[in-house]
Amino acid sequence: MTRKQRRMTIIGGSLAVLALAAALVLNALRDSIVFFSTPTMVAEKHVEPGKRFRLGGLVQPGSLQRGDNLAVTFEVADGNAKLPVAYKGILPDLFREGQGVVAEGALDANGVFKADTVLAKHDETYMPRDVADALKKQGHWKDDYGGKPADDGKTSDAGKPATTAQGNPQGAVR
């Protein structure tokens, strides 16, 4: 074998080993790559109790119940299925019924998702893609889910420029 052939053999072998390692890592992390699972996905996968994952969907209106010592229960739905969630702690300020949420935790033996972290949506136009797709398929999608009418926030209801708490016009840079 010439020097060039040996070098090409080593490079080819190295690339094959690297590709094999990448394939094994991606295969092992296949379920973790998804940011969250919807209640329908949880039901279809038959997730065993104790396995940690992220659950995403909309908080069902009327399902929020507050208990003692910051204990909270609510249901998360995606249009097809819903899953009860139990959480103990302070909920995010933006957490509301009918809004998007992502919770991290595990199912217990009774099928209740025990969350140790709850994340609320970050703005008015947020909706998990899987939930939006499920709502569209079922015909429950409303056009106003995508956002609010164009309101730049620069005028108040009286038609005067909106101001901040310090009296500065909104949008003013100092």
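How many bridges pair β3 and β4, and in which sense, parallel or antiparallel? The two strands are joined over 7 bridges and run in the antiparallel sense. This pairing belongs to a predicted model, and the report below describes the chain from its overall make-up to its strands, core, surface and salt bridges.

## Overall make-up

The chain has 3 helices and 6 strands. Read from the N terminus, the order of elements is α-α-β-β-β-β-β-β-α. Of its 174 residues, 26% count as buried. The accessible surface is about 12,200 Å², and carbon and sulfur atoms account for 55% of that area. Among contacts with a separation of 6 or more, 46% are between residues 24 or more positions apart.

## Strand pairing

Strand β3 takes part in several pairings. With β1 it runs antiparallel, joined by 2 bridges; here Val59 has Val76 of β3 as its bridge partner. Strand β2, which covers residues 65–66, also pairs with β3 in the antiparallel sense, over 2 bridges. In that pairing Gln65 stands opposite Thr73 of β3. In the pairing of β3 with β4, Val72 is found opposite Tyr87 of β4.

Tyr87 also has a bridge partner in β6, namely Ala115. The strands concerned, β4 and β6, pair in the parallel sense over 3 bridges. Strand β6 is in turn paired with β5, in the antiparallel sense and over 7 bridges. Within this last pairing, Val102 stands opposite Leu119 of β6.

Three hairpins each contain a residue with a positive phi, as listed here.

| Hairpin | Residues between the strands | Residue with positive phi | Phi |
|---|---|---|---|
| β2 and β3 | 4 residues | Asn69 | near 55° |
| β3 and β4 | 4 residues | Gly79 | near 105° |
| β5 and β6 | 5 residues | Gly111 | near 85° |

## Nonpolar core

Which residues touch the most other members of the largest nonpolar core? They are Leu55, Phe113 and Val118, in a core of 19 residues. The elements that give two or more residues to this core are β1 (52–59), β3 (71–77), β4 (82–88), β5 (100–107) and β6 (113–120). In soluble globular proteins, nonpolar side chains tend to be buried together.

The contacts of Leu55 show how one core member is surrounded. Leaving aside residues up to four places away in sequence, Leu55 touches Phe36, Ser37, Thr38, Pro39 and Val42, among others. Its further contacts include Val76, Leu83, Val85, Val101, Val102, Ala103 and Phe113. Val76 and Val102 have already appeared above, Val76 as the bridge partner of Val59 and Val102 as the residue opposite Leu119.

## Nonpolar surface patch

Nonpolar side chains are also found on the surface. Met8, Ile11, Leu15 and Leu18 form a nonpolar patch there, with about 430 Å² of accessible area together. Met8 lies in helix α1, which spans residues 3–28. Is Met8 buried or exposed? Met8 has a relative accessible area of 55% and therefore counts as exposed, the cut-off being over 50%.

## Salt bridges

The whole structure holds 5 salt bridges. In one of them the side chains of Glu104 and Arg52 meet, with an N to O distance of 3.2 Å. Glu104 is in strand β5 and Arg52 in strand β1, so this pair ties together parts of the chain that are 52 residues apart in sequence. Both residues are partly exposed: the relative accessible area is 27% for Glu104 and 46% for Arg52. Glu104 and Arg52 also belong to a network of salt bridges that includes Arg54 and Asp116.

Another salt bridge is formed by Glu75 and Lys82, whose closest N and O atoms are 3.8 Å apart. Glu75 is partly exposed, at 26% relative accessible area. Lys114 forms a salt bridge with Asp108, and the closest N and O atoms of this pair are 4.0 Å apart. Lys114 has a relative accessible area of 43% and is partly exposed.

Conventions: Residues numbered from 1 in each chain as written. Predicted model: local features only at pLDDT ≥ 70, side-chain atom pairs only at ≥ 80, totals over all residues. Heavy atoms only, no water. Core = buried A, V, L, I, M, F, W, Y, C linked by side-chain atoms within 4.5 Å. Buried < 20%, exposed > 50% of the residue type's maximum accessible area, 1.4 Å probe, protein only. Contact = heavy atoms within 4.5 Å. Patch = residues over 30% accessible without salt bridge, like charges linked within 9 Å, V, L, I, M, F, W, Y side chains within 5 Å. Areas by Shrake-Rupley, 256 points an atom, 1.4 Å probe, with all protein chains shown as cover. Pairing = 2+ DSSP bridges.
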